[in-house]
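Open the structure in your viewer and keep the sequence panel beside it, since each stop on this tour begins with something to select.

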Amino acid sequence: MISRIAICAVMGAALFSSACAKEAEQTSQTPTTVAQTVSATDGFSAPDTAWRTPSQDNLLYINTNKGLIVVELIPEFAPKHVTQIKALAQKKFYDLIVFHRVIDGFMNQTGDPTGTGTGDSDLPDIPGEFTFRRGDDMPVALVNKRKADPRNPSSAIVDVGFYKSFPVATKPITDAGWGLGGESDGKVEAWGLHCKGVTSMARSQNPNSGNSQFFLMRGTAGWLDQQYSVWGNTVYGREHLESFAVGTAGEDANFVPDQMETVRLGSDLPKSEQLNIQVLKTDGPDYRRFIASEKKADGTYPDICEIVIPTRVKQ
């Protein structure tokens, strides 16, 4: 069995892990805690009608020893991965699991019950969901254009923008493809981008080997796009993403990893522990006001990964 940690010692390599370990049922000793203050990212203000409220069933509360991170799950991108993450959270599989591999400016990797980078759960591996198809029912608020593959100057030009709060690249909806029978499905290929705050699934060299290990981006890594399955984005606690100890278990002698204390779906928490997280809608005048404020002095927009859709906690 190939070790994911051994193959990916270099930042630019794939995020690998093995699928050897059986699930380790653990009991957290630290209860989930949540902040009770009202806040909005960057102090952005907008009327109540400008915000959407994600379902608690699609909010993953990752309570770490550094603080609480809440990730919005996105089944529209990776339904099998979201189903697996939810199942593992409900089994309390992730409780007390460490961030066994943390690279500054890159990502925080976790989800291995052995803490070595070689373990997984006993659930079946998941097929890769590196891209998805979207139609008019998944509108993207376009911001800019870029190469489909940032590493390949000859790759096609695609649109980039936001679906909900998620940074995405998409072929133009006017390029809606055709099915094998000659009928149009009215959809185009799109994919999530590996920007800071995004969560994605680790895997081995086998593209269909995702299981329980995942990583939270603490920087931007465009080379991972269309190679790894994006299944979530941080909507609360972004300030903690770069607080975890940097190092690799088994390689750095003085590395003391931080850990996830508990991981729960919002719908499995008592009402008193649920945060009323709201995210700016990307289809109205307040979003247009926000995105206009992001323009640089020359009138152009920054890279899509440098723009963070505002969120807030409303009591």
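The tour goes from the sheet to the nonpolar core, and then to the salt bridges and two backbone angles.

Before selecting anything, keep in mind that this is a predicted model.

**The sheet**

Begin by colouring the strands, and look for an open sheet of 9 strands whose order is 15-5-6-13-12-14-4-3-16, with antiparallel pairing. Which are the edge strands? They are strand 15 (247-248) and strand 16 (260-265), each of which pairs on one side only.

Stay with strand 15 and add strand 5 to the selection: these two run antiparallel and are joined by 2 bridges. To see how they line up, show Arg101, which stands opposite Thr248 in strand 15. Now select helix 2, which packs on the sheet and touches strand 3 (59-64), strand 4, strand 12 (198-201), strand 13, strand 14 and strand 16, while its direction makes about 120° with that of strand 16.

**The nonpolar core**

Next, select Leu60, Phe77 and Trp231, which are the residues with the most contacts inside the largest nonpolar core, a set of 78 residues. The largest share of this core, 5 residues, comes from strand 4. As background, in soluble globular proteins nonpolar side chains tend to be buried together.

Keep Phe77 selected and display what surrounds it: leaving aside residues up to four places away in sequence, Phe77 touches Glu129, Thr131, Phe132, Met138, Tyr163, Phe166, Val168, Gly192 and Val230.

**The salt bridges**

Side chains of opposite charge can pair when their charged atoms come close. How many salt bridges does the count come to? The count comes to 14 salt bridges, and a few of them make good stops.

Select Glu76 and Lys164, which form a salt bridge whose closest N and O atoms are 2.8 Å apart. This pair links distant parts of the chain, 88 residues apart, with Glu76 in the loop between strand 4 (67-73) and helix 2 (79-90), and Lys164 in the loop between strand 9 (157-163) and strand 10 (166-170). Glu76 counts as partly exposed because its relative accessibility is 26%, and Lys164 is likewise partly exposed, with a relative accessible area of 26%.

Move on to Asp104 and Arg218, whose side chains meet in a salt bridge at 3.3 Å, N to O. Here too distant parts of the chain are linked, since Asp104 lies in the loop between strand 5 (101-103) and strand 6 (107-110), and Arg218 in the loop between strand 13 (214-217) and strand 14 (230-236), 114 residues apart. Is Arg218 buried or exposed? Arg218 is buried, with a relative accessible area of 4%.

Then select Lys171 and Glu189, a salt bridge in which the closest N and O atoms are 3.3 Å apart. Lys171 sits in the loop between strand 10 and strand 11 (188-192), and Glu189 in strand 11, 18 residues apart. Lys171 counts as partly exposed at 35% relative accessibility, and Glu189 counts as partly exposed at 25%.

To finish this part, show Asp48, Arg312 and Lys314 together, which are linked in a network of salt bridges.

**Two backbone angles**

Return to Lys164 and look at its backbone, where phi is positive, about 60°, although Lys164 is not a glycine. The last selection is Gln226, which has a positive phi of about 65° although it is not a glycine. Gln226 is placed in the loop between strand 13 and strand 14, and it is partly exposed, with a relative accessible area of 24%.

Terms used:
Residues numbered from 1 in each chain as written. Predicted model: local features only at pLDDT ≥ 70, side-chain atom pairs only at ≥ 80, totals over all residues. Heavy atoms only, no water. Salt bridge = Lys/Arg side-chain N within 4 Å of Asp/Glu carboxyl O. Helix = DSSP H or I, 4+ residues; strand = E, 2+ residues; numbered from the N terminus. Buried < 20%, exposed > 50% of the residue type's maximum accessible area, 1.4 Å probe, protein only. Core = buried A, V, L, I, M, F, W, Y, C linked by side-chain atoms within 4.5 Å. Contact = heavy atoms within 4.5 Å. Pairing = 2+ DSSP bridges. Axes fitted to C-alpha atoms, helices over the stretch in contact; angles between N-to-C directions.
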